Amino acid sequence: MAKKFLLLVAAALLVAFSNQFAFAHSALVSANPSAGTDLGEAPAEVRLVFNEDLLLVGDANPNRLEVVSTSGDLVSGKVEVKGSEISVPIDKERAVSGEYSVKYRVVSADGHPIEGEYNFTITGVEVISAPIQEELEDGPNLLVRSFFALVLLGIGALALLRLRK
């Protein structure tokens with residue numbers, strides 16, 4: 001009886017541990033920019049790294065990666081997959097200050113889809129204005145000063161002529 005019990009326990013352990021890898025799926029290992037990051041300017045790209053290679057079927061790419069603004073504008077370009085990494089370039093002209101969602105749906109090499117979403121924020125560069133300088137004088141004020149300078153020049157010339165006589 002004890003022998004049958006030990007055999008049953010051994011069989012149960014064998015089944016439990018032999019299927020351990022069958023239940024493992026690909027998972028996101030790192031993201032750049034990462035979730036919750038505040039950036040001063042738009043990143044050049046968004047890159048995600050998974051613990052397994054991603055599936056490519058010939059020239060077809062079943063993997064998606066999008067960066068979308070809160071207003072729903074897509075600011076990312078064409079998806080590129082290399083092994084366990086997926087990346088997408090960011091259109092820096094369209095990615096202005098605000099919150100952005102990174103949405104992904106990838107298929108690992110074992111055929112299981114993984115999807116997720118996270119946010120990051122572009123805070124932008126603070127613009128500090130310089131003190132306002134007075135504009136160059138023009139118009140009536142310049143005319144008055146020019147006239148005053150001419151009058152003084154004329155008075156000086158008359159005084160010089162009178163002193164010569």
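**View 1. Residues 18-23, a stretch of low confidence in a predicted model.** Over residues 18-23 the pLDDT (the predictor's confidence in each residue, from 0 to 100) stays under 50. The model has 0 contacts (heavy atoms within 4.5 Å) beyond four places in sequence for residues 18-23. Residues 5-11 also stay under 50 and have 0 such contacts. Where pLDDT is low, the predicted coordinates should not be read in detail. This is a predicted model, in which local features need pLDDT of at least 70 and side-chain atom pairs count only at pLDDT 80 or more, while totals for chains, interfaces and linings use all residues. Residues are numbered from 1 along each chain as its sequence is written, and side-chain values use heavy atoms, with hydrogens and water left out.

**View 2. The open sheet of 4 strands.** The strand order is β2-β8-β7-β4, with mixed pairing. Strands (E, at least two residues) are DSSP runs numbered from the N terminus, and two of them pair if DSSP finds at least two bridges between them. β2 (38-39) and β4 (64-69) each have a single partner strand, so one side of each lacks a neighbour in the sheet. β2 and β8 (residues 113-122) run parallel and are joined by 2 bridges. L39 stands opposite I122 in β8.

**View 3. T37, in the loop between β1 (28-32) and β2.** T37 is buried (under 20% relative accessible area, 1.4 Å probe, protein chains only), with a value of 19%. A polar atom of the T37 side chain lies 2.7 Å from the backbone oxygen of S34. Leaving aside residues up to four places away in sequence, T37 touches N119, F120 and T121.

Methods
Buried means under 20% relative accessible area, exposed over 50%, partly exposed in between (1.4 Å probe, protein chains only). A polar contact is a pair of N or O atoms within 3.5 Å; within protein, one must be able to donate a hydrogen and the other to accept it, and residues adjacent in sequence count only if both atoms are side-chain atoms.
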